[in-house]
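Student: I have a protein structure open and I'm new to it. Could you walk me through it?

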Amino acid sequence: MGIHIKAYVTSCVYLILSFFLSTHIDIAFTSSCKLWNTFFLNQMHKPGDVVLGGLFNVHHKSDFPNLTFTSKPQQHSCKSFDILGFRYAMTMAFAIDEINKNTSMLPNVTLGYSLFDNCVTLIVGFSAALSLASGQDEQFLLQNNCFGSPRLLGIVGDSASTFSVATADVLGLYKMPIVSYFSTCSCLSDRQRFPSFFRTIPSDAFQVRAMINILKHFGWTWVGLLVSDDDYGMHVAHSFQSDLTHSGGGCLAYVEVLTWERDPRGIARIVHLIKSSTARVVMVFAHAYHMNYLMEEVKQFWEYMFQCKFDLRNVAENGMQLCTGEETIGNVETAFLDLSTLRPEYNIYKAVYALAHALSDMLQCEPGKGPFDGHSCATLQTMEAWQLLHYLEKVNFTTSFGDQVSFDENGDVLPIYDIVSWLWLPDGRTTVQNVGMVKSVGSDGEKLTINEDKIFWNFESNKPPQSLCSETCPPGTHMAIKKGEPVCCFDCIPCSQGMISNETDSVKCTSCPWDFWSSSQRDHCVPKKSEFLSYHEPLGICLSVASLLGTFMCGVVLGIFIYHRSTPIVRANNSELSFLLVVSLKLCFLCALLFIGHPKLWTCQLRHAVFGISFVLAVSCILVKTMVVLAVFKSSNPGGESILKWFGTVQQRGTVIVLTSIQGAICTVWLVFASPVPHKNTKYHKDKIVYECVVGSVIGFSLLLGYIGSLAIISFLLAFLARNLPGSFNEAKLITFSMVIFCSVWAAFVPAYVNSPGKYADAVEVFAILASSFGLLIALFGPKCYIILFRPEKNTKKGIMGR
């Protein structure tokens, strides 16, 4: 390098130059083009039948004092030699020499090269690109239509996206093939604007998706973003934020731009932001220059790299030397300057071979079978840039390393990235090793492969860091975005009762099905507890015992009456009705059991029917017995003998049967047209299902109860009228007392039943059945059993009649 040469611009190409360099000049078309001005550019040149141009940053800085296009030579100087850029240039030279030595690839054709240094300056790189396109001779003849440019096959470069945008914008007008090895800006995939641009490095669009996949892999949802101040950085920043939001992969804690100039204050501010932020992961889309500036500003990096300390106290304690800040990072073996990896060089290698393969395909065209007008072919002597571009778009080959190279419709290569990690060696040095890869798999998106065992994490646990604005919301909670904060900053709110979330970071809780309820952790639904009057709970057990006790007492009374059936107290007032009354009371006690246990269709239908008929049977017997008592005492009056004929045994049986049949008819109509059915009720308790029997027809239920109540009231009134009749054993008094108990119980039952939810309504009804049954049993048969068992002397006709 270091050789200054002349740059030539033909009068044809100068029309474009005058537009970009703001200079106007009158042009006259002639049959020849000659040098208009001279640029002093660093260049390496090797002649050949056709020439490949190359643009590389061999120096970091440039001094270009005059940006106007005059007839005087433009003087500039490049500074800060870049060893990596020089390696890239040598890689291109190596690839061309390798192709020239391969006699089967381009036989009888020698490739040459012209490699220019862009000095990381847009005006220098742009001038170099125009110099390549316009040719190197001071004067050469052209056809009248201004065709006949030098045989430049194409340009490999530039590295920076901004430089490639400027170059491709102009040279694309002439269909000059440009193959970049390092420009990744997604804007360069615009085929309408850049029809002749290709690249052997994936677009930023893929790079962004690959980085988002890595973030998802490690669960990093809260990250910082640093980008370079150019087209590459700006497009990446926009794409990264957009794709990150669209994928729901996380949020950006901050976005900062790294300037090209060394700005100590700006770098210090960014470092302070990185340290103070809660984000533990920083994504950087920038160039090595920016990273050098940034790393130089960090305390820990500098001290480790040069084994020195900035703090005087630490220097004394550790016996280390004091950091001066003037240490040269280029003198230290570090991953920043590691030359063992050749990824950029490999991209250059593939770019050169892509152009060579395109040329080879063009030269193998058979006359008369070509792709151009009249099936013509291009020749080495007459070829034009757009003809080579046709073959470059269709190039498809495999390198000697086994990698396939082809371009899609946007000029992009098959996307693939290696994932590398810094590894700390036992001796304190660092090296870079491949830990995975991410590549495109067509319509299926990207495939990410990471071998985490090879990754070194600079933590005691040697595990990936956690980088979250808010901790992950566990199952059973949902995210509530903090007002004015990014979506990754949220509070975890427990799900309400009856709702669950069974995933981490749920946006909302979902309701359980109607017959399910949320678990205590709110992370899954469980069947709701069923509630009914059960035989296994204390209340059900007590009511069941009371029912069986009443049944047993009825059996005892029935046994006593059967055993003493010939005694006057049993035979008095139709003993048959007394036996029937005891049996009906026994049925009343037993029907209470139908209200206990899991409601089923048959129990729901039977419980009220059996209850209604049993109680009507009992009350009918009592009513008839009351009427018989009144008839007997009325018959003792003069002229009352005829009354008894209406209350004979047959009439008594018939009356009981008729009164009971009416209740049977009510129950039948009720069951046929609006039968009670089991029902799962959730209105009482949200977390429970109350199993109950709905009555089906309120009218039917009301008629059933109303009929029983009507008979009971009539019995009470008749017994009340007969209570003062003479006799030491007046059964009317017992009936009056029993009816008072019966009516009181059922009068209290109605409001208690209406206001009792679920199983307690059944318990209230069972209690009313048992209480009224016990009242009738004890009030009617208690005194009789007492006389039979303990006062047998009164169990005589005289004792009953009071004489």
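Tutor: Let us start with the whole chain and then go to some of its parts.

Student: Okay, what kind of model is this, and how are residues numbered?

Tutor: This is a predicted model, in which local features need pLDDT of at least 70 and side-chain atom pairs count only at pLDDT 80 or more, while totals for chains, interfaces and linings use all residues. Residues are numbered from 1 along each chain as its sequence is written, and side-chain values use heavy atoms, with hydrogens and water left out.

Student: How many helices and strands are there in the protein chain?

Tutor: The protein chain has 21 helices and 30 strands; these are DSSP runs numbered from the N terminus, with helices being H or I of at least four residues and strands being E of at least two.

Student: And what share of the residues is buried?

Tutor: Of the 803 residues in the protein chain, 48% are buried, where buried means under 20% relative accessible area, exposed means over 50%, and partly exposed lies in between, using a 1.4 Å probe and protein chains only. The protein chain exposes about 39700 Å², and carbon and sulfur atoms supply 59% of that area, as given by the Shrake-Rupley method with a 1.4 Å probe, where for residues only the protein chains shown count as cover.

Student: What about contacts between residues far along the chain?

Tutor: Taking contacts between residues at least 6 apart in sequence, 66% join residues at least 24 apart; contact means heavy atoms within 4.5 Å.

Student: Let's pick a helix. Why does the span of H2 agree with what it should be?

Tutor: Helix H2 covers residues 83–101, and its 19 residues should span 27 Å at 1.5 Å a residue, which agrees because its end C-alpha atoms are 27 Å apart. The expected span is 1.5 Å times one less than the number of residues.

Student: Which residues of H2 are buried, and what do they pack against?

Tutor: The buried residues of H2 include Gly85, Tyr88, Met92 and Ile99. Strand S4 (50–56), strand S7 (111–117), strand S9 (152–156) and helix H11 (343–363) are what the buried residues of H2 pack against.

Student: You mentioned S7. What follows it in the loop before H3?

Tutor: Cys119 is found in the loop between S7 and helix H3 (122–134), and Val120 lies in that loop too. Cys119 has a positive phi of about 55 degrees although it is not a glycine, and Val120 likewise has a positive phi of about 55 degrees without being a glycine.

Student: Are those two buried or exposed?

Tutor: Cys119 is buried, because its relative accessible area is 0%, and Val120 is buried as well, with a relative accessible area of 18%.

Student: What about the loop after S9?

Tutor: The loop between S9 and helix H4 (161–171) holds Asp158, which is joined to Gly157 by a cis peptide bond with omega of about 0 degrees.

Student: Switching to sheets, what is the order of the sheet with S12 in it?

Tutor: That open sheet of 3 strands has the order S13-S12-S14, with parallel pairing; two strands pair if DSSP finds at least two bridges between them. Strand S13 (251–258) and S14 stand at the edges with a single partner strand each, so one side of each is left without a neighbour in the sheet. Neighbouring strands of this sheet are turned by 20 degrees against each other on average, direction ignored; axes are lines fitted to C-alpha atoms, for helices over the stretch in contact, and angles run from 0 to 180 degrees between N-to-C directions.

Student: Which helices pack on that sheet?

Tutor: Helix H5 (residues 204–218) touches S12 and S14, and its direction makes about 170 degrees with that of S14. Helix H6 (residues 231–247) touches S12, S13 and S14, and its direction makes about 160 degrees with that of S12.

Student: How do S12 and S14 line up?

Tutor: Strand S12 (residues 222–228) and S14 pair in the parallel sense over 5 bridges; among the bridge partners, Gly224 goes with Val282 of S14, and Leu225 goes with Met283 of S14.

Student: Which residues of S14 are on its covered face?

Tutor: In strand S14 (residues 281–285), Val281, Met283 and Phe285 form the covered face, whereas Val282 and Val284 form the uncovered one.
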